[in-house]
Structure formats: C-alpha cells, structure tokens
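Me: I'm new to this structure and would love a close look at its empty spaces. Could you walk me through the largest cavity and then the largest pocket?

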Amino acid sequence: MSSKFNYGTDHLTIGICLDIAAGKIKGIIGDEAAERIQASYLEVKKIVHAQLPVYGINTGFGPLCDTHINEEDTSTLQSNLLKSHSVGIGKPIPQEIAKLMLISKVHALAQGYSGINPATLYRIIWHIDHDVIPVVPEKGSVGASGDLAPLSHLFLPLIGLGEVFVKDEKFPAGKILKDNNLQPLILGPKEGLALINGTQFILAFAIKAVQRLNDALNLADLIGAMSLEGLMGSARPFDARIHAIRPFKGTKLVAARLFTLLSESEICNSHVNCDRVQDPYSLRCMPQVHGASRNAWLHLKELTEIELNSVTDNPIIFDANDTISGGNFHGQPLALPLDYATIAAAELGNIADRRCYLMSEGRYGLPKVLTNDPGLNSGLMIPQYTTAALVTENKTLCFPASADSVPTSLGQEDHVSMGSISGRKLHQVIDNLEYIQAIELLYATQAMDFRRPLKSTPVIEACHSYIRQYVPFINEDRIFATDINQIHQLITNGSLLATANDTALTNNINLNHDDEFGIY
C-alpha cells in the first residue's frame, strides 16, 4: 500500500481513511486535483462577478434563498453561516471521529465540484497532519441539508473561532492558530456552504462503525467456538455442504470460519459418537445468525464506501453557467443501513447472552454456575444478569431513527434523515456488545477448563491462554466486575483478536475466507 493518498483522485476505502487518521498514510492534493479545485473556485468567482443568481453564493440560505446578497457581502455571508449554524450541544464526539470528518470532507471537496478555495483545503489538511482537531458537539444534526451543526463547529477554527483539541487538551482555536503563526481564513463565496453541506458527521460514524462491527463479528465467531467447546457442542452444523444449498455470503463465511476454528479439536473429537442429536440454536445456528449480521455489515460497508467517494454538498458547480441545486447532502442513503447495522450488532449480543445462560445451567457435564462449590459460591450466576440488561438496552436502541422525520428550516427541509442519530446509536449498541462479549469470554474460558485435559485447536487455545494471563480460573467468588473489565480491555485494545490472527498465521490457518469482508 502506498504511504500517500491523493485526495480527490484516488479511491478512498474505509481502511485507508482510518490509516490516514492514524498517521500511517499521508493525504495530499496532487496536481490533477489541484487543477480541478482551482478551476471550480474560479467558476464561482465568475458567478459572483456576473451576478448570476445561484443558491448560497449570492442568495440567503434555506427559506431565505430568494434574498439577494450583494457581491461585497458574499464573504460575510459565508462566515455568518458558520457562526449561525454552530448550534450543537452535548459532549464532544471522539477526536478520531472528528478527524475522519475532516479527511472525508477534504476528499469530497477535492473532486472539484464545490468552488472551494485551494487555500482552505490546505488549511484543513494542516489540521489533519498536526492533530489539531476541532471540538464538535455530538447532538444537533438531523442529517438533512447535510450535518449542518456539527460541520459548522468542525470548521469554526478556520475562521479563528470555536475550540480545538491538541494532545487531548481543549484550547480556543484562535490561540492555536496564533501559536502556529497562522491567520484565520477569510471565506470566499460558497465556501461556508461547501464546508457545512455534506454528510461527513454521519459518514465518520459509519466509517468507524464498519471497523468496530467487523472486529465484533470476527470475535463473535471466535467466542462462539470457545463456548461451543465448553458446552461440548457439535461442529457438524458448520459443514460447507449445508450452506452451499442456502448460499448467503455471511452464512457461508461464518460456517467456514467456525469449521476451521474447530477442525481437529480434541474436545470435539471426544464426543463424536455421543447420543446428543442436536445442539440449541445459539450453538447450531451461529452461521445463520452471525452470518445475517455479516450481511448487514457488508451492506453498510458497501454504501459507506460509495459515500466516502461522493460529492455531497450543494449546489454542485459544473461551470458558471451550469449549477444544480440538488439533494446530495441528504443523509438517507446512510441512515437506513446504519439502522440495519444497529439491529445486526444487537443480535450478536442476543445470541451471546443465550450461550452465557446455557453455560450456567449445569448441562452437558458442566457444574451449575460454573463453580466447583455452588451454594457457598454463586459462581457465574450473576454476570448473565448484566448481559440480559445490556441486551435489553440494545433492543431499546434498535428503533430506527431513520423512520422519523421532523420538518425544519421553516418547511424548506420538509423531510430529514435523522442519520446522525442512527450513527451515534450504532456505536452505543457496539459499546454494549463489547461488554457482552467480554462476559461470554468469562464463561467460555471457565467452561473450557472443565474439559481438561482435552485441548481445543491452536487458535482457540492461544486465546484461552491469553485471557488466562489476565483472568485466572475461578475457584471461589470474587469481584467479577474486575474480570469483565479486564477482558473488555483485551477486546477494545485489539490484542485478543491480534492473538487469534497471529496464531492462525503461524499455523497456516486461513480464517479470512472472503476478501469482500475486509475494509481495504
């Protein structure tokens, strides 16, 4: 992969976008994009000089679109736009999300249909490269005429207003500009509108959700396989032949991953001829359930990548005599798949909770509540209460925000997407899911210990051993919240998944059977 990415000309994937945000790849504006940006900027200047009436260039905004603005006031119009639309409330969004907003906005504007001053784009890139990240409140967008409020806050620092994060500390943007010998920009015609019309708030949450949900899906298969081993379940439902005759992409992938994870397991082989006819659905139907969530993830990934390479502001400038005021800023194309993915993430938690319950029941040769001395010890009776609570909370978050619409802008924006809420809710559900998965791992590692001296496969054993480095076998009751938080950290810092992937690579085990399910 190249260490540089050309904004406006190269194809931007979710993985590359995340790598730019992480500082692994540098985003630049090449000669081709620079020429297009400059040409579009000059076309806007022609519009202003010729007094051609074009929305947002020499007219008011929204319901004030019939109000003519004099040429000498066009710059004031744009700075007023940023100030008046900065109405966000709530805590700041994560800095990584704000940085993804900056990156995706530069790529959209650099395609040359927005009339932006090249100097403005270079200033945004300065913010990206130097990790001077604008403070953006989490609430206030309805995802209609773009993410107006959050994007306004995102770009206030360009004109010396608002706040920025520098090394996790908040400062007035004007101070940081002064400290770096930079002057606030004077926005030209249409620049303010080009900056705040767009879906980059929704899009940034979608980009990060694609990464987080992908990790959760990969962990779901791994943890599910560990739980199956603890419960002495069968791997036969993962036989490729039965999924070939119902060939959903996600289902086939999950079945292949589970079959590979369990292949040659001593635990599985020890009960091949047992009299259990079939397992409960939470074990047997993992390909169908996890796979359905993977299909939803794939849908979100595909649409997010389309949006990531799209122009979403308004009006679109083809040339001075050919401008179109359309609706590319509307968030509905992402709002729907974000809501779909929210349900998909919640379902991973639903089925994981059922496996936790199964492991606590005292079936299939396991002791009740997974302790050797139940009664004196409550063992792992109560952690499942937490999964039940989180599962129910996730269900309440599954109401699709995109099913609602509240007219705004005096009726000019009479249908809105609410996609910003869809994006934020998806991350809340994934937050809960990661804790549910941590609790299932607490159960699964304990259940597997009751199957000793039998061993599972290299990947599963490596993950079991890795967890046991931080969370010992449970002999008697202790504060299990400490264990849950420790395992949760191994999930969120990526080390558990890295352990699985590294072990698979070392042992020539292919867990990634389909490149379509990657993020690059």
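Reply: Here is a tour of the largest cavity, followed by the largest pocket. This is a predicted model, where local features need pLDDT of at least 70, side-chain atom pairs count only at pLDDT 80 or more, and totals for chains, interfaces and linings use all residues. Residues are numbered from 1 along each chain as its sequence is written, and side-chain values use heavy atoms, with hydrogens and water left out.

On a 1 Å grid over the protein atoms alone, a cavity is a set of points where a 1.4 Å probe fits but cannot get out, while a pocket is an open set with protein on both sides within 12 Å along at least five of seven lines; lining residues have an atom within 4 Å of a point. Points are joined across faces, edges and corners, and a volume is the space filled by probe spheres set on them.

There are 4 cavities of 30 Å³ or more, and the largest has a volume of about 40 Å³. Its lining is made by Asn218, Leu222, Arg257, Leu261, Leu497, Ala500, Asn501 and Leu511. Helices here are DSSP runs (H or I, at least four residues), numbered from the N terminus. At least two lining residues come from each of α9 (200-230), α11 (249-262) and α20 (495-506), with α20 giving the most, 3 residues.

Now to the largest pocket, which holds about 490 Å³ of space. It is lined by 21 residues, and Ser234, Ala235, Arg236, Cys268 and Val272 are the closest to its centre. Both α11 and α12 (266-269) supply at least two residues of this pocket's lining.
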